[in-house]
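Here is a short note for a colleague opening this structure for the first time. Please keep the viewer open and follow along point by point.

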Amino acid sequence: MSNVELVFEDEPPAGQPLLVLYQGHPLTTRGSGYTGELPDKITLYRGPLERLYGSDGERLRLEIQHVVWHEIAHHFGISDQRLWDMGRY
């Protein structure tokens, strides 16, 4: 995997109950003219993750791992439905 930025922000945009967000163009949607684009970005939102799982360090680590893999799947063009079908949602 290349040209993907992983960043942390304190909170998601107002009104959006997110733990993490993938922004970019999945590999499966890129054509031959896809060049010169900014990196795709996976943003983890520290506040919601810590509020939900911060009291248990191991659980927090596992949840972060889960949501990052989920967003990486989106980078590779795997939909939420496909992840559900695979038992990985």
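The points below go from the whole chain to single residues.

1. **The overall layout.** Please bear in mind that this is a predicted model. The protein has three strands and three helices, and from the N terminus on they run β-β-β-α-α-α. The C-alpha trace spans about 45 × 30 × 25 Å along its principal axes.

2. **Burial and contacts.** The chain has 89 residues, of which 27% count as buried. About 6100 Å² is exposed, and carbon and sulfur atoms supply 53% of that area. If you take the contacts with a separation of 6 or more, 65% of them come from residues 24 or more positions apart.

3. **Charges.** There are 8 positive and 13 negative side chains, and the centres of the two sets lie 4 Å apart. Side chains of opposite charge can pair when their charged atoms come close. The count here comes to five salt bridges, and the next three points each look at one of them.

4. **Asp10 and Arg46.** In this salt bridge the closest N and O atoms are 3.1 Å apart. The pair links distant parts of the chain, with Asp10 in the loop between β1 (4–9) and β2, Arg46 in helix α1 (residues 46–53), and their positions 36 residues apart. Asp10 has a relative accessible area of 52%, over the 50% cut-off, and so counts as exposed. Arg46, at 35%, is partly exposed.

5. **Arg51 and Glu11.** Another salt bridge joins these two side chains, at 2.9 Å from N to O. Once more distant parts of the chain are linked: Arg51 sits in helix α1 and Glu11 in the loop between β1 and β2, 40 residues apart. Arg51 is exposed, with a relative accessible area of 57%, while Glu11 is partly exposed at 38%.

6. **Asp40 and Arg30.** Here the N to O distance of the salt bridge is 2.6 Å. Asp40 belongs to strand β3 and Arg30 to the loop between β2 and β3, so the pair ties together parts that are 10 residues apart in sequence. Is Asp40 buried or exposed? Asp40 is buried, with a relative accessible area of 1%. Its partner Arg30 is partly exposed at 24%.

7. **Val67.** This residue lies in helix α2 (residues 57–75) and counts as buried, with 8% relative accessibility. Which residues does Val67 contact, leaving aside its neighbours within four places in sequence? They are Leu19, Val20 and Leu44. Val67 and Val20 are 47 residues apart in sequence, yet their C-alpha atoms are 6.7 Å apart in space.

8. **A nonpolar patch on the surface.** Do have a look at Met1, Leu27 and Phe76, which form a nonpolar patch with about 290 Å² of accessible area together. Leu27 is placed in the loop between β2 (20–23) and β3 (40–45). With a relative accessible area of 35%, Leu27 is partly exposed.

9. **The backbone at Asn3.** Most residues other than glycine have a negative phi. Asn3 is not a glycine, but its phi is positive, near 60°. You will find Asn3 in the segment before β1, where it is partly exposed at 44% relative accessibility.

Key:
Residues numbered from 1 in each chain as written. Predicted model: local features only at pLDDT ≥ 70, side-chain atom pairs only at ≥ 80, totals over all residues. Heavy atoms only, no water. Patch = residues over 30% accessible without salt bridge, like charges linked within 9 Å, V, L, I, M, F, W, Y side chains within 5 Å. Areas by Shrake-Rupley, 256 points an atom, 1.4 Å probe, with all protein chains shown as cover. Salt bridge = Lys/Arg side-chain N within 4 Å of Asp/Glu carboxyl O. Helix = DSSP H or I, 4+ residues; strand = E, 2+ residues; numbered from the N terminus. Buried < 20%, exposed > 50% of the residue type's maximum accessible area, 1.4 Å probe, protein only. Contact = heavy atoms within 4.5 Å. Lys, Arg positive; Asp, Glu negative; His and termini not counted. Charge placed at Lys NZ, Arg CZ, Asp CG, Glu CD.
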